[in-house]
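Colleague: I'm new to reading protein models. Could you walk me through this one and tell me how you know what you say about it?

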Amino acid sequence: MLKINHTSFNKNIFKAFDEGKPILTVGSYNDFNAMTVSWGGVGVLWNMDVAFVFIRPTRYTHEFSEKYDSFTLSFLGDKYQDAKILFGTKSGKDIDKFNETKLHPTFEPDFNGYYIAEADYVIRMKKMMKLSFTEDNLPKEVFSCYPKKDFHDVYICKINDILVKEELYDSFKP
């Protein structure tokens, strides 16, 4: 993987989240978990480039997002659709998702976090803060997304950089 400056990122992030279903990995050496995310985005907050992801407290990954600051979003190609589904529907408490899907978590000591080696590109970021959705701070029209009232926590993360597969590097140039 080659590192690029995140300000030169030229992909449609809306499409990437909606259709690409990135896998969020959170944790530190030998203590991490991953899950597929559909809700998230990137932007500018406090004059910094940030990404934000949504995790329900009922998800196993939530435990890791509370303990650790290193987050990655791994965007895998279409051939990994079955893996993305498994990471979104099964719990790391119950199965080894990496073993089941034959994907490879890769630890980066300088970042103190993991990403998925098979990803086309990876957004590496550090947690800055968490906000919790509640029945009191959400608009009523979104309540249908929460029939169990298991409201998301939003993690706002500062983007460090983006890793790109070497063979895709040229397609990420501005």
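Modeller: Happily! Helices and strands here are DSSP runs, at least four residues for a helix and at least two for a strand, numbered from the N terminus. Please keep in mind that this is a predicted model.

Colleague: Which pattern does the protein follow along the sequence?

Modeller: Reading along, you meet β-α-β-β-β-β-α-β-α-α-β-β-β-β. That gives 4 helices and 10 strands.

Colleague: Why is the protein called as compact as a globular protein of that length?

Modeller: Its radius of gyration is 16 Å, and the globule rule gives 16 Å for 174 residues, so the protein is as compact as a globular protein of that length. Along its principal axes, the C-alpha trace spans about 45 × 40 × 30 Å.

Colleague: What makes a residue count as buried?

Modeller: Its relative accessible area has to be under 20%. In this protein, 45% of the 174 residues are buried.

Colleague: And what makes the largest group of 25 residues a nonpolar core?

Modeller: A nonpolar core needs buried residues of listed types, such as Leu, Phe and Tyr, joined through side-chain atoms within 4.5 Å. The largest core has 25 such residues, and Leu 24, Phe 71 and Tyr 121 are among those with the most contacts inside it. Helix 1 (13-18) and strand 2 (23-28) are among the elements that each supply at least two residues. Strand 10 gives the most, with 5 residues.

Colleague: Which residues does Tyr 121 contact, leaving aside neighbours within four places in sequence?

Modeller: Its partners include Met 1, Phe 9, Leu 73 and Phe 172.

How values were computed: Residues numbered from 1 in each chain as written. Predicted model: local features only at pLDDT ≥ 70, side-chain atom pairs only at ≥ 80, totals over all residues. Heavy atoms only, no water. Buried < 20%, exposed > 50% of the residue type's maximum accessible area, 1.4 Å probe, protein only. Contact = heavy atoms within 4.5 Å. Rg over C-alpha atoms; globule rule 2.2 N^0.38 Å.
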